[in-house]
Amino acid sequence: MKVTGFNHVTIRVKSLQKSLAFYQDLLGMTLVHLGRTDAYLSWGEAWVCLIEIQHAKEHDNNRVGIDHIAFSIDEQDFPETVNRLKRENVPMVREPVLRGGGYSVQFLDPDGIVIELFTGNLEKRMRNWK
């Protein structure tokens, strides 16, 4: 089996409209398709699918599953992006910090999913772990 790379992430959301405002308007993802209960957005080489589940249960941080979703961002864009998140009162999980070979910030989407923006890459991260 030859896996060639990461393809996409699908996120269950309570309100497609609220999540689109966050992912498209605030984070700058490009809307590719909008259905009745789903939306597909692109962001660089990654893409995200949002699926509306109106009666979804709350997120439980003590459950096995994904801890957070991280996206790459250029270091030059990092400070202004953090400032915009703060201006928009996006809840912070981890304030901006230099760690693991790059700058990182973690915040919550409208459904409490932890999103990270990171300026580093795996090679830089591994240098810091040796």
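## Close-up views of a predicted model

**View A. Ring pairs link Phe22, Tyr23 and Phe107 into a cluster.** The model is predicted. Two members of this ring cluster, Phe22 and Tyr23, are buried residues of helix 1. Helix 1 spans residues 16–26. Its other buried positions include Leu16, Ser19, Leu20 and Leu26. Just past helix 1, Gly28 has a positive phi of about 85°.

**View B. Phe78 and Tyr103 make a tilted aromatic pair.** The whole structure holds 5 aromatic pairs. In this one, the centres of Phe78 and Tyr103 are 5.8 Å apart, with 35° between the planes. An angle of 35° is neither under 30 nor over 60 degrees, so the pair counts as tilted. Phe78 belongs to helix 2 (residues 78–87) and Tyr103 to strand 7 (residues 102–108), so the contact ties together parts that are 25 residues apart in sequence. Which of the two rings is buried and which is partly exposed? Phe78 is buried, at a relative accessible area of 6%. Tyr103 is partly exposed, at 31%.

**View C. The charged end of Arg125 sits over the ring of Phe118.** The distance from the charged end of Arg125 to the ring centre of Phe118 is 5.0 Å. Strand 8 covers 114–118 and helix 3 covers 122–129. Gly120 is in the loop between strand 8 and helix 3. Gly120 counts as buried, with 11% relative accessibility. Its C-alpha lies 8.9 Å from that of Arg99, and the two residues are 21 apart in sequence.

**View D. The largest nonpolar core has 27 residues.** Those with the most contacts inside this core are Ile11, Tyr23, Leu50, Phe71 and Phe107. Tyr23 and Phe107 also belong to the ring cluster with Phe22. Which elements supply at least two residues each? They are strand 1 (8–13), helix 1, strand 3 (38–43), strand 4 (46–52), strand 5, helix 2, strand 7 and strand 8. Helix 1 gives the most, with 5 residues.

**View E. Phe71 in strand 5.** Phe71 counts as buried, at 8% relative accessibility. The cut-off for buried is under 20%, so a value of 8% falls in that class. Phe71 is among the residues with the most contacts inside the largest nonpolar core. It is also listed among the residues closest to the centre of the second largest pocket. Gly35 is 36 residues away along the chain, and the C-alpha atoms of Phe71 and Gly35 are separated by 24 Å.

**View F. The second largest pocket has a volume of about 670 Å³.** How many residues line this pocket? The lining holds 26 residues, and the closest to the pocket centre are Ile69, Ala70, Phe71, Ser72 and Glu116. Strand 5 (69–72), helix 2, strand 8 and helix 3 each give two or more residues to the lining. Strand 5 has the largest share, 4 residues. By type, the lining divides into 15 nonpolar, 7 polar and 4 charged residues.

**View G. Pro79 in helix 2.** Pro79 counts as partly exposed, at 45% relative accessibility. Phe78, in helix 2 as well, is buried at 6%. Pro79 and Asp67 are 12 residues apart in sequence. In space, their C-alpha atoms are 24 Å apart.

**View H. Asn89 has a positive phi, near 60°.** Most residues other than glycine have a negative phi. Where is Asn89 found? The residue is in the loop between helix 2 and strand 6 (92–99). Asn89 is exposed, with a relative accessible area of 66%.

**View I. Thr30 in strand 2.** Strand 2 runs over residues 30–34. Thr30 counts as partly exposed, at 45% relative accessibility. Thr30 and Gly44 are 14 residues apart in sequence. From C-alpha to C-alpha, Thr30 and Gly44 are 9.2 Å apart in space.

Definitions and conventions:
Residues are numbered from 1 along each chain as its sequence is written. This is a predicted model: local features need pLDDT of at least 70, side-chain atom pairs count only at pLDDT 80 or more; totals for chains, interfaces and linings use all residues. Side-chain values use heavy atoms; hydrogens and water are left out. Rings of Phe, Tyr and Trp (its six-membered ring) pair if their centres lie within 6.5 Å; planes under 30 degrees apart count as stacked, over 60 as edge-to-face and the rest as tilted. Buried means under 20% relative accessible area, exposed over 50%, partly exposed in between (1.4 Å probe, protein chains only). A charge sits over a ring if NZ of Lys or CZ of Arg is within 6 Å of the ring centre and within 35 degrees of the ring normal. On a 1 Å grid over the protein atoms alone, a cavity is a set of points where a 1.4 Å probe fits but cannot get out, and a pocket is an open set with protein on both sides within 12 Å along at least five of seven lines; lining residues have an atom within 4 Å of a point. Grid points are joined across faces, edges and corners, and a volume is the space filled by probe spheres set on the points. Ala, Val, Leu, Ile, Met, Phe, Trp, Tyr, Cys and Pro count as nonpolar, Asp, Glu, Lys and Arg as charged, and the others, Gly among them, as polar. A nonpolar core is a set of buried Ala, Val, Leu, Ile, Met, Phe, Trp, Tyr and Cys residues joined through side-chain atoms within 4.5 Å.
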